Amino acid sequence: MKKRKFGLVLSSVLAASAILGACGAKEEKPAKENENASSGENNNEEAFSVAMVTDVGGVDDKSFNQSAWEGVKAYGEEHNLKKGNGGFDYLQSKSDADYESNLNALLRRDFNLVFGIGYMMEDAMAAIAEENPDNKFAIVDASVKADNVVSILFKEQEGAFLAGVAAAKMTKSGKIGFVGGGDIPVINRFEAGFVEGAKTVNPDIEIQRKYTGAFDKADLGKITANSMYSSGVDIIFHAAGATGNGVFSEAKERKAKDPNANVWVIGVDADQYDEGKVDDKTNVTLTSMLKGVNAAVVDISNKAKNGKFPGGQTLTYGLAEDGVKLADSRGAIPEDVQAVIDEYKGKIASGEIVVPEKVEK
């Protein structure tokens, strides 16, 4: 999520459909199953096992953590691994205090590669990596300087710029909103790109911005969205993890009460179309800004398995690498607006437009 970046071409990653040994027991007595193992053991002695630790948003946040877990599962399924020791698994963090203990727990279970998901895990990952120099780690959305850690970053501002263009072109009220989780660099990049994109196509647009301070509080997302929609905002882009689920709840409630209400949500990290479903004919998801977290997890896992672990490197995925993009709008965005979005996408990917990482004050 920050600092030095150099591109990594993702074409090979996204072309691949997916990616991710247990010990045998001797005759005397069966090995005691580790209490943290989820289900099943693997009998392939050459298996390269992978696991991840979520941040407080949870593995089913319909967003960032879930995308990472989908990547871990995809790797496991491709390599015929089972969920549990010797295969692939995850541990969920309920608070910041769980990060180090969860990382250590996966090391005790002998996973070959351990991912830490999220900027908030940076300090814990740095400490654990220093204490375990012979183990392999990867962290998403943070940069840890250690030879046994690969840091995975994204140019969120580039994808968010396109979300801003979409919002500015689609708003009827001339008012749009941004709901962030924590006020941290990665979310600042989402905000900066969204503001820059919207103002590029409409310098006079009104943009309301609010940080909830949490990634796991749907109630805060709902309250914030209620305030914005009530003030005339008709499109909200959230970058708030599970807190953003509350934004969807508020939009869906308003649409259910008034089918003519012009309320939309732009999702984040994963395609959140299903989150916007009101009924079989109505959906409030305009589009989603996708981050290829799942593809990056698969890519790094395969590299490590094949003896090419990029430890000590920071790999950055942007529009040029197909690491960020907008999801299919399923017809919500008309062709003429999509053409404008595609035009800006090309300019950013070519370097003609450089999107700022921070909002210009």
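What follows is a short account of the fold, one charged patch, one buried acid and two unusual backbone angles in a predicted model. Residues are numbered from 1 along each chain as its sequence is written, and side-chain values use heavy atoms, with hydrogens and water left out. Because the model is predicted, local features need pLDDT of at least 70 and side-chain atom pairs count only at pLDDT 80 or more, while totals for chains, interfaces and linings use all residues.

The chain's secondary structure adds up to ten helices and 15 strands; these are DSSP runs numbered from the N terminus (helices: H or I, at least four residues; strands: E, at least two). Of its 361 residues, 56% are buried, where buried means under 20% relative accessible area, exposed means over 50%, and partly exposed is in between (1.4 Å probe, protein chains only). The accessible surface is about 15700 Å², with 44% of that belonging to carbon and sulfur atoms; such areas come from the Shrake-Rupley method with a 1.4 Å probe, and for residues only the protein chains shown count as cover.

On that surface, Glu100, Asp123, Glu130 and Glu131 make up a negative patch. Patch members have over 30% relative accessible area and no salt bridge, and like charges are joined within 9 Å, with the charge placed at CG of Asp or CD of Glu. Asp and Glu count as negative, Lys and Arg as positive, and His and the chain ends are not counted. Helix H4 (residues 122-131) is the biggest contributor, giving three residues. Glu100, for its part, sits in helix H3 (residues 98-108) and counts as partly exposed because its relative accessibility is 36%.

Asp269, in strand E10 (residues 264-269), is a buried acid without a salt bridge, that is, without a Lys or Arg side-chain nitrogen within 4 Å of its carboxyl oxygens. The nearest side chain of opposite charge is Lys291, 4.3 Å away. What the Asp269 side chain does have is a polar contact with the side chain of Ser63 at 3.0 Å (a pair of N or O atoms within 3.5 Å; within protein, one must be able to donate a hydrogen and the other to accept it, and residues adjacent in sequence count only if both atoms are side-chain atoms).

Then there is the backbone. Most residues other than glycine have a negative phi. Asp110, though, has a phi near 65°; it lies in the loop between H3 and strand E4 (113-117) and is exposed, at 59% relative accessibility. Arg330 also has a positive phi, about 55°. Its loop runs between strand E15 (324-326) and helix H10 (335-350), and at 42% relative accessibility Arg330 is partly exposed.

Methods:
Patch = residues over 30% accessible without salt bridge, like charges linked within 9 Å, V, L, I, M, F, W, Y side chains within 5 Å.
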